Amino acid sequence: ISLAGDIMFKRASAEVDLERSRSALQKLARFLESDEIADRTIRLEGHTDSSPTDANGPWPTNWELSTARAAAVLHYLVDYGANEARFQVAGYADTVKIRDPELTEEDRAENRRVDIVILKEAHE
């Protein structure tokens, strides 16, 4: 499941845009707690575009920013009823792109995302 960055995050930000994403996060939290996947571990994978961060800002590199995005989504999913103990958080910076090269702002926005991976038991 991929949460698109243009809905979730502004460029160089890990602050979730709740006005645009609240409903989706609430539905997602309910799904992740459903009986059919109740025994699975869930990994939240944060991603960024290839634009550099402000080294003097809150995230010196895209590694910290991508991890902060995944953690921000985790906090809201837990607030909406998901069990925190079932989650893993990972940050991939700009190493796993959907759009490469990033020629437009739309390409960059598509790379700014959080992917939700429902793991099989063998991968926990």
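**Note on the predicted model**

1. Helix α2, which spans residues 18–32, bends by about 25 degrees at Ala-24. This value, like the others below, is computed from a predicted model, and it should be read in that light.

2. The buried residues of helix α2 are Leu-18, Ser-21, Leu-25, Leu-28, Ala-29 and Leu-32. These buried residues pack against two other helices, α1 (5–8) and α3 (62–79), and also against the strands β1 (2–4), β2 (42–47), β3 (87–91) and β4 (113–118).

3. As for the overall architecture, the protein chain holds four helices and four strands, and their order from the N terminus is β-α-α-β-α-β-α-β. Of the contacts between residues at least 6 apart in sequence, 73% join residues that are at least 24 apart.

4. On dimensions, the radius of gyration of the protein chain is 14 Å, which agrees with the value near 14 Å that a compact globule of 124 residues would have. Taken along the principal axes, the box filled by the C-alpha atoms is roughly 40 × 35 × 25 Å.

5. Buried residues account for 41% of the 124 residues in the protein chain. The area that the protein chain exposes is about 6900 Å², and 48% of this area is supplied by carbon and sulfur atoms. The side chains include 16 positive and 24 negative ones, and the centres of these two sets lie 3 Å apart.

6. The loop between β3 and α4 deserves a check of its backbone geometry, and two of its residues are taken up here, namely Ala-93 and Pro-101. Most residues other than glycine have a negative phi, and most peptide bonds are trans. Ala-93, although it is not a glycine, has a positive phi of about 50 degrees, and the peptide bond from Asp-100 to Pro-101 is cis, with omega near 5 degrees. Ala-93 also counts as buried, because its relative accessible area is 2%, which falls under the cut-off of 20%.

7. Helix α4 covers residues 105–111 and includes Asn-111. Asn-111 has a relative accessibility of 0% and therefore counts as buried. Apart from its neighbours within four places in sequence, Asn-111 is in contact with His-47, Thr-48 and Asp-49, and in addition with Lys-97, Ile-98, Arg-99 and Glu-102.

8. Arg-108 is likewise placed in helix α4. When residues up to four places away in sequence are not counted, Arg-108 touches Asp-49, Ser-51, Glu-102 and Leu-103; of these, Asp-49 and Glu-102 are also among the contacts of Asn-111. Between Arg-108 and Ile-98, which are 10 residues apart in sequence, the C-alpha to C-alpha distance is 9.1 Å.

9. Val-117 is found in strand β4, and because its relative accessibility is 25%, Val-117 counts as partly exposed rather than buried, the latter term being kept for values under 20%. Not counting residues up to four places away in sequence, Val-117 touches Thr-41, Ile-42, Arg-43 and Glu-45. Val-117 and Asp-79 are separated by 38 residues in sequence, and their C-alpha atoms are 19 Å apart in space.

Technical notes. Residues numbered from 1 in each chain as written. Predicted model: local features only at pLDDT ≥ 70, side-chain atom pairs only at ≥ 80, totals over all residues. Heavy atoms only, no water. Rg over C-alpha atoms; globule rule 2.2 N^0.38 Å. Buried < 20%, exposed > 50% of the residue type's maximum accessible area, 1.4 Å probe, protein only. Contact = heavy atoms within 4.5 Å. Areas by Shrake-Rupley, 256 points an atom, 1.4 Å probe, with all protein chains shown as cover. Lys, Arg positive; Asp, Glu negative; His and termini not counted. Charge placed at Lys NZ, Arg CZ, Asp CG, Glu CD. Bend = angle between axes of the 7 residues up to and from the residue.
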